[in-house]
Amino acid sequence: MRRLILFGLIILTSAGCSTVPFPRASYIPLDSADPQLVRKEFAASLPDRFQLINSIVFQYKWQSFSALGYIDANRELKTFAVSCLNPVGIKLFELSGDKDSVRTNFVLKELLRRGDLPRVIGEDIRRIYFDIVPSPEAKAQKDRYRVIFREPVGSGAIQYIFAGTGLKLIEKRYYEKNRLLWSVFYYQYRRDHGKFYPAGIILKNYRFGYNLIVRLKEVR
Amino acid sequence: MKRIMTTLLLFVCLQSVNAYADNSSRDITAVLEGLEKMMSGTKTISTDFIQEKSLAIFNQKIILKGKVFIQKPSLLSWRVMSPMRYSMVMRGNTISQWDEDTNQVQQVRLAENPGFQVAIKQMQNWFYGTFKSMVDDYKITLITEHPITLEFVPWENSVSRNFITRVTVFFQNDERYIREVRIEEKNGDSTSLVFVNAQLNQLIPLSAWEVKADVR
């Protein structure tokens, strides 16, 4: 995995690292918020299907590279297709997938020789865009500013944290054996055609030590 | 990727063409030689571009807009303004890149990156007008003469044939520079690069060669 990431960085020849580039949600007292209502309202605010243009920054240690991504996703069916270009407009990879598999339509031959980059990217896309609403059976708890849901998934557990204006999902965490493996942070929800989209997303993969920063550029 | 990138950049840099369409019997070698001769008179180019990338699996296009500056013998600046801001400046044997999201400037020495060096070397050949260097990789056809339109199809044994079906270069009516480049890829994707507001042999501001800061 590390070789794969390093290779990607070398291929795209960029350097640098940045701090969190999005403002944190303003925490407001929850008062009498009903967790189930929070869950339902958030679910209703999300698009079932969407096409987005994003810029993407992949960070690993002190290095990073940027790309432009186009994603077409269906949250209900859990299907997606994504193309990623470098800033000059050259396609880096193209994937499609569903909840069980990722199909590589195109990826740079050099990347394929060094590891299963499509699988890694496909998993991250699913972590970011799918299963972002807890099930009705998820265990809910509240503190002064947050509603937190937790439910088992596979061999681990996912935690959903809702806070801020409109009580939107601000973080999704995945634990295995009480160890936090990855988190996705959602920032600055914006409304488009009656649905809400996070304008900023950060995926932190603690296991492999990389970050993915996604900035929403356009909703199609 | 480097080859595709090279192809893109090389075609982007075709410039300064005129007065070749007066003899329909002229063969392609004569056309290319004429282009080379004419391009040798162009020392600087600055032009806006609109790049439309059509992705086969989507029924949508991604549109990038920006500006290109070229100054012979060794300066190139490629600047994307939207949907993200990015700039790349080649100065001698060094490439510098910057983008707004990382806000980092990264430098690449060509000597330490053989692949990049090859790509840039080819690009420089185009800036200098050495079109005949492409004859080994592409079958080049003169599609129209007024204005000139050239079609580049990779030969069977060309590496480019693995990913490029055809490149078509359209020149302006006055044939002084390129109006559009279309690249059709094997995977069904296509790219159109349209150049507008081109200026030849004008003084290019020093800021064009600065990779960081504002790229407007």
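Here are three short exercises on a predicted model, each with a worked solution.

**Exercise 1.** Classify the aromatic pair formed by Phe50(A) and Tyr197(A), and say which parts of chain A the pair ties together.

*Solution.* Start with the geometry: the ring centres are 6.5 Å apart and the planes meet at 85°. Plane angles over 60 degrees count as edge-to-face, and that's the label this pair gets. Next, place the residues: Phe50(A) belongs to strand β1 (residues 49–60) of chain A and Tyr197(A) to strand β11 (residues 195–205) of chain A, so the pair bridges 147 residues of sequence. Last, check burial: Phe50(A) has a relative accessible area of 6% and Tyr197(A) 8%, so both fall under the 20% cut-off for buried.

**Exercise 2.** Do the same job for Phe80(A) and Phe130(A).

*Solution.* The centres sit 6.2 Å apart with the planes at 55°, so call this pair tilted. Phe80(A) is in strand β3 (residues 79–85) of chain A, while Phe130(A) is in the loop between α4 (117–129) and β6 (139–142) of chain A, 50 residues away. Both Phe80(A) and Phe130(A) are buried.

**Exercise 3.** Find out where chain B gets its lowest and highest mean pLDDT among its elements.

*Solution.* Take the whole chain to begin with: chain B has a mean pLDDT of 78, with 76% of its residues at 70 or more. Now go element by element: helix α1 (residues 2–12) of chain B is lowest at 47, and strand β1 (residues 44–54) of chain B is highest at 92. Finally, look at residues 7–25 of chain B: pLDDT stays under 50 there, yet the model has 74 contacts beyond four places in sequence for that stretch.

Note on methods:
Residues numbered from 1 in each chain as written. Chains lettered and ligands numbered in written order. Predicted model: local features only at pLDDT ≥ 70, side-chain atom pairs only at ≥ 80, totals over all residues. Heavy atoms only, no water. pLDDT = per-residue confidence, 0-100. Helix = DSSP H or I, 4+ residues; strand = E, 2+ residues; numbered from the N terminus. Contact = heavy atoms within 4.5 Å. Phe/Tyr/Trp six-rings, centres within 6.5 Å; stacked < 30°, edge-to-face > 60°. Buried < 20%, exposed > 50% of the residue type's maximum accessible area, 1.4 Å probe, protein only.
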